[in-house]
Amino acid sequence: MLTILRQIIQEVSSADDFKEALDIMVKRIANALATQACSIFLRDLHRAEYVLVATQGLNPDAVGKVRVPLNKGIIGLVAEREEPINLDDAKKHPHFLPVEEIREEAYRAFLGVPVIYHRQVLGVLLVQQEEPRRYDEAEEAFLVTLATQLASIIAHAEASGDLSELLEDKNQPHELVYAGVPGAPGIGIGKGVVVYIPYDLDSVPDREPEDVDLEIQLLHAAFATVREDLRLLEERLYPSLPSEERALFSVYQRILDSSDLGEEIAKHIHAGNWAPGALRHTIQIHVQRLESLDNEYMRERSADIKDLGLRVLACLQKNTRASPRYDEKTILIGESLTPADLAEVPEGCLAGVISMQGSSNSHIAILARAMKVPTVMGVSDAPLQDLQGKEIIVDGYYGQIYVSPDAALYAEFDRLIQEEQKLDAALEEVRDLPAVTKDGHRIGLMVNAGLGADISIALAAGAEGVGLYRTEVPFLMRDRFPSAEEQRIIYRQLLVSFAPRPVMIRTLDVGGDKPLPYFPIKEDNPFLGWRGIRITLDHPEIFLSQMRAMLRASHGLNNLRVMLPMITDVLEVDESLRLLHKAYVEVRDEGYDIDMPQLGVMIEVPSAVYQARSLAKRVDFLSVGSNDLTQYILAVDRNNPRVAGLYDALHPAVLRALIQVVESGHQEGKHVSICGEIASDPVAVMLLLAMGFDSLSMNATSVGRVRWIVRHVTQKNAARLLHEVLGMESAVMIRCHMELALERAGLGNLIRAGR
Ligand code: PEP
Ligand code: MG
């Protein structure tokens, strides 16, 4: 049985495409088990049905047509129970549901196993036979093993778009919904523009070629360049190369010279893909084929094919990687987008953002919120390569995208956009009024700046100062550390624009998910590694240069506050204070008229929560960085979409930590603010009010909404709600409770589109 299993797996992975892989599988299983029928039903979530996608033995014309509703029939039961069902006479089973097109009533013996990937049932693999028969245990185990193989093939097909193509119901309008997590609120409608990482074969999207002949020419030219590059390289290195490496060059040359690879790619170009897409497709098939082989030497050759593919891609991209064409309403899509990708879209053209990776607390989502661009993160199931040029709706409230929506859906979302615009106009009217509750409790509203938020937007939002300026941006935008003078100019502009309002400038916080391109840090565990204050205290020259720049920039203004990120130990504060004093004395000696700025500590890790009072003693203010604090308290990577469902700053443990920080800070008579994304979450605002935070700092585009909430609630009601949620044991319950409270207060339109 094991040999047959291996052979089937090998054959299946050598298939040219997904459909062929399924067909091979059913045929070989039917043979191996000497049974009349073997079929695969896959789940089509968009229609809540199982679709027959491959069969050996049942009516072949029924493939793609027979659709069984979810939870119906024995197939539905296999999926629901998530375990095999083995029957000698299926007709006697109460769930038996005869399907006419495939003459189900003729079959008695039935063995169905669920196909599960990452806890999700993707479909059912089943075998049937007319005469009663009991499939034995070994046969059941055989089918279960193949179902796990099938699961990874389906997951791969899902990512490449092959699955949706196969499941597509030709009689139904073509509209697909994919779920991710909310990144930035709002609704965006526009055309998909896929950007991809240069020189990364797997992220190359499919695209229709504008000129097939030109694509073929580019391909040949790229092959010729790679051939020549390799020849030169070999010539240069040959004398010093060991024989194994020399052999590698000849393998590469042989692959390039054999016309097969080039012809295969050209075939895909003729079939309607541009050269980089056709190259990706062909290389992936070869790699999969080689990796599935039983022979270790051949398996290792897959690395050669990949490497060669990358070399050809690099040449192609040199010739073809012009900047993508943006639509007037662009929905920017990428595997993992960077701030530069967003910046490249011409002003006024960015209608939405979709990122396959990341979650709502990734820095790209924070940037999108600052820019007020509806965003959905972690849409890992969507076929990235298939979204180019498609009409797409981005629902940033629910974290969903709709591809090629029908007219009715389009009209509904268009109506919601118009209602949003009305709400924005209402918010505008209270822009200059203070954030005071109906029973007179005042809270400060500040802005987070640095990640995209331009100063004029922040000022226009009526903010009372800057609660967080992320200094890493000028560091990230260059190919070297910015000089003290370059930094001084940037900080000065910020301080002048907001004076006399306070501006909290945070010292450099790189590492984690913000590596500097020119200061590479390779670590297994970057979020627990060298980041934030840990780097700058190890490099006092960087720290001092930044402090001096800030101090010089504050000349004559006295509105600078300095804030330290990622503090985990009081000694880090003591050392930072020493350096700040040193820089202060030096800058004063240079003749600058400055006061000693207030110093604050960010509370971002659990140890700082427990030691908040000791920290508060040493400084002038505390500011909670709830994005990191949540990730470290819950042990959930803020960027990982797989665990995004576990990341919620409303978790009872996080709420208790926040209360402890406010109390500790106030016991020492110090100002306590919060500058993580929770401060702009409408659902959380009332709780933060009740906890007693002195100020909330958020992206500029949220200030209006938060002001609106504060002015429409009472501190008394907020305190009651906080008391209620502290009796709850999970973030989900707390979130539901607070959403309901917002709806009851007539503020539901701040958490979803529409009235
Ligand atoms: C935070 O961690 O909450 C924070 C404000 O800092 P950043 O998001 O830049 O890490
Ligand atoms: Mg942080």
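In this predicted model, the meeting of domain 2 and domain 3 involves 4 residues of domain 2, which are in contact with 7 residues of domain 3. The domain assignment makes domain 2 from two segments, 176-194 and 323-426, while domain 3 covers 199-316. The same assignment lists domain 1 as 2-167 and domain 4 as 435-750.

The size of an interface is often given as the accessible area lost when the parts come together. For domain 2 and domain 3 that figure is about 540 Å², with 45% of it on carbon and sulfur atoms. On the domain 2 side, Val194, Gln385 and Gln388 account for 73% of the area buried against domain 3, more than any other three residues.

Turning to the polar side of this interface, the rule finds 1 salt bridge across the boundary between domain 2 and domain 3. Glutamate 210 and arginine 325 form a salt bridge, in which the closest N and O atoms are 3.5 Å apart. Also across this boundary are 2 residue pairs in polar contact, both at pLDDT 80 or more. Sorted by class, the residues with which domain 2 touches domain 3 are 1 nonpolar, 2 polar and 1 charged.

The surroundings of ligand 1 make a welcome second stop. There are 15 residues around ligand 1, and Arg470, Glu604, Gly625, Asn627 and Arg638 come nearest. Side chain and backbone both appear among the polar approaches to the ligand. From glutamate 604, a polar side-chain atom lies 2.8 Å from an oxygen atom of ligand 1. Glycine 625 instead offers its backbone, with an N or O atom 3.3 Å from an oxygen atom of ligand 1. Asparagine 627 also takes part through the backbone, where a polar atom is 2.7 Å from an oxygen atom of the ligand. On its own, ligand 1 has 290 Å² of accessible area, and the protein covers 100% of it.

Technical notes: Residues are numbered from 1 along each chain as its sequence is written. Chains are lettered from A and ligands numbered from 1 in the order in which they are written. This is a predicted model: local features need pLDDT of at least 70, side-chain atom pairs count only at pLDDT 80 or more; totals for chains, interfaces and linings use all residues. Side-chain values use heavy atoms; hydrogens and water are left out. Domain bounds come from an automatic or database domain assignment. Contact means heavy atoms within 4.5 Å. Buried area is the accessible area (1.4 Å probe) that two parts lose on being put together, summed over both. A salt bridge is a side-chain nitrogen of Lys or Arg within 4 Å of a carboxyl oxygen of Asp or Glu. A polar contact is a pair of N or O atoms within 3.5 Å; within protein, one must be able to donate a hydrogen and the other to accept it, and residues adjacent in sequence count only if both atoms are side-chain atoms. Ala, Val, Leu, Ile, Met, Phe, Trp, Tyr, Cys and Pro count as nonpolar, Asp, Glu, Lys and Arg as charged, and the others, Gly among them, as polar. A residue is near a molecule or strand if one of its heavy atoms lies within 4 Å of it. Accessible areas come from the Shrake-Rupley method with a 1.4 Å probe; for residues, only the protein chains shown count as cover.
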